[in-house]
Amino acid sequence: MKTRVTELLNIRYPVIQGGMQWVGLAELASAVSNAGGLGVLTALTQPTAQNLADEIRKTREMTDKPFGVNLTILPTINPPPYAEYVDAIIEGKVPVVETAGNSPRDFVTRFKQAGIKVIHKCTAVRHAVSAQKAGVDAVSIDGFECAGHPGEDDIPGLILIPLAAKALEIPLIASGGMASGRSLAAAMSLGAEGITMGTRFMVTQEAPVHMDIKRALVAATERDTKLILRTMKNTSRVFRNPVSEEVVQREHRGATFDEIRPLVVGTRGKAALQSGEVDDGVITSGMCIGLIDDIPTCSELIERVMTECRQSLEVALQRFA
């Protein structure tokens with residue numbers, strides 16, 4: 001299947017793996033790339049730029065296909081050394097970078113000079129247009145259904161994708177709630193030329209997540225996510241468990257972030273992903289868990305997505321011919 005996204009990224013299928021904190025490691029990224037999609041490492045999962053450089057080298061040993069690195073630019077008092085991570089990405093000759101968070105404007109020029117394609121992930125059409133003006137090669141638009149940060153506008157993909165497609169000239173990738181071939185068919189019908197799947201790739205054989213976590217997500221429904229940190233204008237969609245329930249209850253009582261911090265600290269969520277104790281930390285998860293009912297390999301998943309996409313489009317055409 002050829003689209004502007006597959007041509008831009010030099011991949012076989014228009015399917016991209018989301019850059020997930022603690023999950024976007026070499027094992028998963030290489031498996032997705034080997035299966036014909038675009039695997040993505042998560043830069044800030046690595047504690048230092050040198051660790052990221054090591055993970056890039058490890059990924060190259062596991063695949064000879066294109067892969068990317070997600071670099072999320074967070075508004076924080078003590079920011080990570082972003083320039084060092086940028087150096088590691090460029091020196092590692094990574095072909096694709098997905099930026100997210102704040103505007104990528106400060107880094108686009110360096111990436112483009114190094115021949116790196118830049119995708120910017122955002123949650124609003126106005127931010128997508130700004131990213132296009134900043135010179136990115138493609139935009140990934142993240143709907144309200146997504147795992148992690150859906151922004152504060154609460155616009156679902158069915159509205160957001162066609163609005164972004166209308167506003168942009170560069171290729172559009174649909175994110176948030178994507179988990180199947182029907183998702184890809186729908187996204188393409190709405191004007192996107194590829195999809196990003198995060199939670200769905202988290203529930204694969206190769207994802208570096210404890211099997212008990214994967215089984216819990218398979219058993220869950222579309223109603224088993226929670227929106228936390230809404231009162232602090234830093235909304236995040238996570239799995240419904242005692243920790244996320246407690247966060248929301250404390251927010252309703254007017255808690256400050258310092259009072260919530262012990263519940264949402266990233267190291268606690270990382271430990272839960274590794275131990276399999278699904279109730280021990282915040283676990284990022286999208287509403288698409290309601291669509292997930294097995295734990296395939298990345299290759300099996302991508303082939304299924306492509307087959308189902310084609311079948312869905314064919315059935316739709318026949319139904320309304």
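These legends go with several close-up views of the predicted model above. Since this is a predicted model, local features need pLDDT of at least 70 and side-chain atom pairs count only at pLDDT 80 or more, while totals for chains, interfaces and linings use all residues. Residues are numbered from 1 along each chain as its sequence is written, and side-chain values use heavy atoms, with hydrogens and water left out.

**View 1. The cavity lined by Ile16, Leu38, Val40 and others.**
Searching the whole structure turns up 1 cavity of 30 Å³ or more. Here, a cavity is a set of points on a 1 Å grid over the protein atoms alone where a 1.4 Å probe fits but cannot get out, and a lining residue has an atom within 4 Å of a point. Grid points are joined across faces, edges and corners, and a volume is the space filled by probe spheres set on the points. By that reckoning the largest cavity comes to about 30 Å³. Around it sit Ile16, Leu38, Val40, Gly68, Val96, Val97, Glu98 and Ile119. Strand 4 (residues 96-101) gives the largest share of this lining, 3 residues; strands (E, at least two residues) and helices (H or I, at least four) are DSSP runs, numbered from the N terminus. Sorted by class, the lining has 6 nonpolar residues, 1 polar and 1 charged. Nonpolar covers Ala, Val, Leu, Ile, Met, Phe, Trp, Tyr, Cys and Pro, charged covers Asp, Glu, Lys and Arg, and the others, Gly among them, are polar.

**View 2. The second largest pocket, with Glu145 and Ser183 among the residues nearest its centre.**
A pocket, unlike a cavity, is an open set of points with protein on both sides within 12 Å along at least five of seven lines. This one has a volume of about 300 Å³. Its lining runs to 16 residues, and Glu145, Gly176, Gly177, Ser183 and Leu291 lie nearest the centre. Helix 7 (157-167) and helix 8 (181-189) are the elements that each give two or more residues to the lining. The class split is 9 nonpolar, 5 polar and 2 charged.

**View 3. Tyr82 and Phe107, a tilted aromatic pair.**
Rings of Phe, Tyr and Trp (its six-membered ring) pair if their centres lie within 6.5 Å; planes under 30 degrees apart are stacked, over 60 edge-to-face, and the rest tilted. The count under this rule is 1 aromatic pair. For Tyr82 and Phe107, the centres are 6.4 Å apart and the planes make an angle of 55 degrees. Tyr82 belongs to helix 4 (residues 82-91) and Phe107 to helix 5 (residues 105-113), so the pair ties together parts 25 residues apart in sequence. Tyr82 is buried at 9% relative accessible area, and Phe107 is buried too, at 16%. (Buried means under 20% relative accessible area, exposed over 50%, and partly exposed in between, with a 1.4 Å probe and protein chains only.)

**View 4. Arg237 over the face of Phe144.**
Arg237 lies 4.8 Å from the ring centre of Phe144. To count as over a ring, NZ of Lys or CZ of Arg has to be within 6 Å of the ring centre and within 35 degrees of the ring normal.

**View 5. Strand 2 (residues 39-42) alongside strand 3.**
These strands pair in the parallel sense over 4 bridges, where pairing takes at least two DSSP bridges. Leu41 faces its opposite number, Val69 in strand 3. Strand 3 (residues 67-73) is mostly covered, with 6 of its 7 residues buried. In a regular strand, side chains alternate between the two faces of the sheet. In strand 2, Gly39 and Leu41 point one way, Val40 and Thr42 point the other, and all are buried. Leu41 also has Ala29 at 6.1 Å, C-alpha to C-alpha, although they are 12 residues apart in sequence. Ala29 is part of helix 2 (residues 26-34) and is buried, at 0% relative accessibility.

**View 6. Asp154 and Leu229, two non-glycine residues with positive phi.**
Most residues other than glycine have a negative phi. Asp154 has a phi of about 60 degrees and sits in the loop between strand 6 (138-142) and helix 7. At 30% relative accessibility, Asp154 is partly exposed. Leu229, with a phi of about 65 degrees, is in the loop between strand 9 (225-228) and strand 10 (236-239). Leu229 is buried, with a relative accessible area of 8%.
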